[in-house]
Amino acid sequence: MNKFASKLLSVNQMLFFSHLFLVMVIIIGMSFSRYESEWNTRVESAGLIAQQSLSSMINDISLSVAGRNYTKLTMPSQLNHLQGIENLLFMEIRGQSDYSGLPVGVRFSHDEDIIWRTDVSAEDIIRAKQTLHGLSQSLVDSSGDKRVKLQYLFNKSSEDLRMLERSMVLKNETRFEVRLASDDDHPFVLVPKTQSLQIHIPLVNKSGGSLFAVFDASALYQLRSDIVRSLAVEAVVAILVSILIILSVTYWIVKPIRRMASYMSQDIEKMNFSTLPELDRRDEIGSLARMLKMLAEKVQAQLKELRHKSDTDALTGLGGRHSYNTSAEVFYRHTMASKRYFGLIICDIDNFKLFNDNFGHSRGDEVLKIVADAINSALLGDELAFRIGGEEFVVMASCCHCDEVHRLAERVRNHVANRNLPHARQMGTVTISVGAVCVSPGQSVSYREVFEQADSLLYDAKTAGKNRIRLCRFSDRNNDPSALFEMPICKEFASRK
Ligand SMILES: Nc1nc2c(ncn2[C@@H]2O[C@H](COP(=O)(O)OP(=O)(O)OP(=O)(O)O)[C@@H](O)[C@H]2O)c(=O)[nH]1
């Protein structure tokens, strides 16, 4: 997983996304639990308020159910009271008379503005009609006070009949889904579909019964929308603030790493870690910066030592082959660009094989050191000297004139000869042969050509008898026939011996 992520994402992105994920989980979790607790509190208090608004009626209702007293249960003052209860939409009383054992059922509907019985049967209506009919008969035959009483009873019975008939109609027409069962432990339940709060309160008469009520809970749901909205706004603000903090923290961590990486991408020898601001930090990044600085300084020191070793010929202390390869041509170009004369001198010890054969290689090595020292002592300061092969040395100089090259070559040969190092008996002392070329300012010639010409002059010096100098101004004989004419013919400086 880590490998996969590190291939796809940078450190910056990984830090950012992992922190953002964490922050979002925390914020969403906290918002959700706040929502849960706030919503549950609201629902609980709405349920309690609804219960309290009905509980004052429970004793009266229970008494009426016990005595199956419909008159009390359905009287207009009861209707007014129920209409006055805030948000009450519907109420149903189900119970059993304590005396007759008959069922009692009454309903209230806020929209219908009525209380009606739910236990009316066809027989009840027939009975009421018969009563009314009997009263109407009696009313015809009566007079005086009796008639007044009978008229009252007739009016009441006709009102009862009308009520029973209306109840019969409403019983069949009015439906309201009540979720709570009478044996449900929950005193109330919220029904999202109808946005209603349903309450159940048990009656206190002996045979028992229940009061179910349905309250309008749309205000509660509106409140829920407000809670969700305000929590969402808080969560968004918290996430935005967190993003800002995460961005600044990741920037604070990643920027120094990037800066160190860009330092590391420089040439190690040119690296300068002392300007790195992270060195002053006291945290892990500061330690990393200090370790990198130490590492770079160690590598720089080792490189310096290595370069010195590879630049210097270990035996003679002159410049070595590596140093020659990197600096000879640079020196030549620089001299030509400075409009000065360039002198290239190649020296080779004469009959060195014979020396080795006679005195052994270790003695030969000592001679190499002495010859190198002699060559070095012949230099005035600005020249470069290298040992480029076994017993082959190169000196190069930037001069004001070719005569200087001549004098330098002569000095080099003399300094070696003057060491008077004994050679094999028939050879006398150790000597060198020299091939030298002088290139004038403005001559267009490559270093390789100059070297080849000096090497060929060295060969000439060897074949001419050794211990001598063959020096020539560079002539491009193939391309410039006049060069031979314009320049002094190559000179030979033989040993005075
Ligand atoms: N002691 C020693 N000998 C070396 C070293 N490098 C090369 N040589 C020897 O130098 C000798 C060079 O021999 P040649 O190329 O035949 O040249 P030469 O004998 O000097 O003959 P000329 O150049 O014609 O005068 C060989 O014997 C090599 O072994 C070295 O580092 N130490």
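# Exercises on helix packing and residue environments

Val412 has its place in helix 13 (residues 402-417), where helices (H or I, at least four residues) and strands (E, at least two) are DSSP runs numbered from the N terminus. The model is a predicted one, in which local features need pLDDT of at least 70, side-chain atom pairs count only at pLDDT 80 or more, and totals for chains, interfaces and linings use all residues. Residues are numbered from 1 along each chain as its sequence is written.

**Exercise 1.** Decide whether Val412 is buried or exposed, and state how far Val412 lies from Val395 in sequence and in space.

*Solution.* The class depends on a count: a residue is buried if 20 or more other C-beta atoms, placed from the backbone, lie within 10 Å of its own, exposed if 12 or fewer, and partly exposed in between. Val412 has 27 C-beta neighbours inside 10 Å and therefore counts as buried. From C-alpha to C-alpha, Val412 and Val395 are 9.1 Å apart in space, with a separation of 17 residues in sequence.

**Exercise 2.** Describe the span of helix 12 and the placement of its buried residues around the axis.

*Solution.* Helix 12 covers residues 361-377, and its 17 residues reach 24 Å from the first C-alpha to the last, close to the 24 Å expected at 1.5 Å a residue; the expected span is 1.5 Å times one less than the number of residues. The buried residues of helix 12 are Val367, Leu368, Val371, Ala372, Ala374 and Ile375. Because these residues cover an arc of only 160° around the axis, they are on the same side of helix 12, the arc being that of the directions from the helix axis to the C-beta atoms. As general background, an α-helix has 3.6 residues a turn, so residues three or four places apart point the same way.

**Exercise 3.** Characterise the packing of helix 12 with helix 13 by angle, axis distance and handedness.

*Solution.* Axes are lines fitted to C-alpha atoms, for helices over the stretch in contact, and angles run from 0 to 180 degrees between N-to-C directions. Helix 12 and helix 13 pack at about 140°, with their axes 8 Å apart. That angle makes helix 12 oblique to helix 13, since angles under 35 degrees count as roughly parallel, over 145 as roughly antiparallel, 65 to 115 as roughly perpendicular and the rest as oblique. Their crossing is right-handed; a crossing is left-handed if the near helix is turned anticlockwise from the far one by less than a right angle, and right-handed if clockwise.

**Exercise 4.** Work out the relative direction of helix 2 and helix 8, and give the classes of the residues in their contact.

*Solution.* Helix 2 (residues 11-55) packs with helix 8 (residues 218-264) at an angle of about 160°, the axes being 9 Å apart. Helix 2 is therefore roughly antiparallel to helix 8, and helix 2 passes helix 8 in a right-handed crossing. The contact has 26 nonpolar, five polar and five charged residues, where Ala, Val, Leu, Ile, Met, Phe, Trp, Tyr, Cys and Pro count as nonpolar, Asp, Glu, Lys and Arg as charged, and the others, Gly among them, as polar. Within helix 2 is Arg42, which is partly exposed because 15 other C-beta atoms lie within 10 Å. Arg42 and Arg224 are 182 residues apart in sequence, although their C-alpha atoms are 8.8 Å apart in space.

**Exercise 5.** Locate Arg68 and Gln195, and describe the phi value of Arg68 and that of Gln195.

*Solution.* Arg68 is in the loop between helix 3 (58-66) and helix 4 (70-74), and its phi is near 50°, a positive value in a residue other than glycine. With 18 C-beta neighbours inside 10 Å, Arg68 counts as partly exposed. Gln195 lies in the loop between strand 4 (188-191) and strand 5 (196-202) and, although not a glycine, has a positive phi of about 50°.
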